[in-house]
Amino acid sequence: QVHLVESGGGLVQPGGSLRLSCAASGSVFSVGVMGWYRQAPGKERELVATITSGSSTNYLDSVKGRFTISRDYAKNTVYLQMNNLKPEDTAVYYCKIAASPSIISTRLFDFWGQGTQVTVSS
């Protein structure tokens with residue numbers, strides 16, 4: 001089984017920065033798209049950023065220019081560098097990694113992290 005562990009959340013002032021990390025462990029034989037989602041209280045979960053195996057990235061419009069997604073395939077890890085944070089960025093952030101847990105099949109499955117709280121407040 002594949003297990004994802006997130007870290008890096010916390011409380012910061014507006015304009016501050018945080019770097020989230022999400023590391024996958026277990027039977028990881030191949031990986032596909034990696035991404036970050038967030039969910040604020042009373043809101044729907046939304047896609048924040050994704051990165052493909054070819055390093056192609058996509059971002060939620062409201063975070064473009066402020067957030068940067070990156071990866072380290074050797075460590076099965078995806079990062080989210082968040083700069084110039086705003087109060088509206090406050091949410092629980094979840095990572096998701098498409099991975100193959102088997103050497104027999106190349107089919108990818110989505111695995112989710114446990115979520116990490118990001119609070120932006122003065």
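User: Is Gln 117 buried, partly exposed or exposed?
Analyst: This is a predicted model. Gln 117 sits in strand S11, which covers residues 116–120. Its relative accessibility is 39%. Buried would need under 20%, and exposed would need over 50%. So Gln 117 counts as partly exposed.

User: Which residues does Gln 117 touch, not counting residues up to four places away in sequence?
Analyst: Leave out the residues up to four places away. The contacts of Gln 117 then include Gly 9 and Gly 10. They also include Thr 90. The list is Gly 9, Gly 10, Thr 90, Ala 91 and Val 92.

User: What distance separates the C-alpha atoms of Gln 117 and Arg 107?
Analyst: Along the chain, Gln 117 and Arg 107 are 10 residues apart. In space, their C-alpha atoms are separated by 31 Å.

User: Is Thr 116 buried or exposed?
Analyst: Thr 116 is also placed in strand S11. Its relative accessibility is 12%. The limit for buried is under 20%. Therefore Thr 116 counts as buried.

User: Which residues are in contact with Thr 116, leaving aside neighbours within four places in sequence?
Analyst: Set aside the neighbours within four places of Thr 116. Contacts are then found with Glu 6, Gly 9 and Leu 20, among others. The list in full is Glu 6, Gly 9, Leu 20, Ala 91, Val 92 and Tyr 93.

User: Which residues does a disulfide join?
Analyst: The count comes to 1 disulfide. Its S to S distance is 1.9 Å, and the cut-off is within 2.5 Å. The joined residues are Cys 22 and Cys 95.

User: How many residues apart are Cys 22 and Cys 95?
Analyst: Cys 22 belongs to strand S3, residues 18–26. Cys 95 belongs to strand S9. The pair links distant parts of the chain, 73 residues apart.

User: Are Cys 22 and Cys 95 buried or exposed?
Analyst: The angle about the S-S bond is 55°, and the link is right-handed. As for accessibility, Cys 22 and Cys 95 are both buried.

User: Where does Asn 76 lie?
Analyst: Asn 76 has a positive phi of about 50°, although it is not a glycine. Strand S7 covers 67–72, and strand S8 covers 77–82. Asn 76 lies in the loop between S7 and S8.

User: Is Asn 84 buried, partly exposed or exposed?
Analyst: Asn 84 lies in the loop between S8 and strand S9, residues 91–100. Its phi is near 50°, a positive value in a residue other than glycine. Its relative accessibility is 41%, so Asn 84 counts as partly exposed.

User: How many helices and strands does the chain have?
Analyst: Read along the sequence, the pattern is β-β-β-β-β-β-β-β-β-β-β. The totals are 0 helices and 11 strands.

User: What is the radius of gyration of the chain?
Analyst: The chain has 122 residues, for which the globule rule gives 14 Å. The computed value is close to that, so the chain is as compact as a globular protein of that length. Its radius of gyration is 14 Å.

User: What percentage of the residues of the chain count as buried?
Analyst: The chain exposes about 6400 Å², and carbon and sulfur atoms supply 49% of that area. Buried residues are counted out of 122. Their share is 40%.

User: How far apart do the centres of the positive and negative side chains lie?
Analyst: The chain has 11 positive side chains and 8 negative ones. Each set has its own centre. The two centres lie 4 Å apart.

How values were computed:
Residues numbered from 1 in each chain as written. Predicted model: local features only at pLDDT ≥ 70, side-chain atom pairs only at ≥ 80, totals over all residues. Heavy atoms only, no water. Helix = DSSP H or I, 4+ residues; strand = E, 2+ residues; numbered from the N terminus. Buried < 20%, exposed > 50% of the residue type's maximum accessible area, 1.4 Å probe, protein only. Rg over C-alpha atoms; globule rule 2.2 N^0.38 Å. Areas by Shrake-Rupley, 256 points an atom, 1.4 Å probe, with all protein chains shown as cover. Lys, Arg positive; Asp, Glu negative; His and termini not counted. Charge placed at Lys NZ, Arg CZ, Asp CG, Glu CD. Contact = heavy atoms within 4.5 Å.
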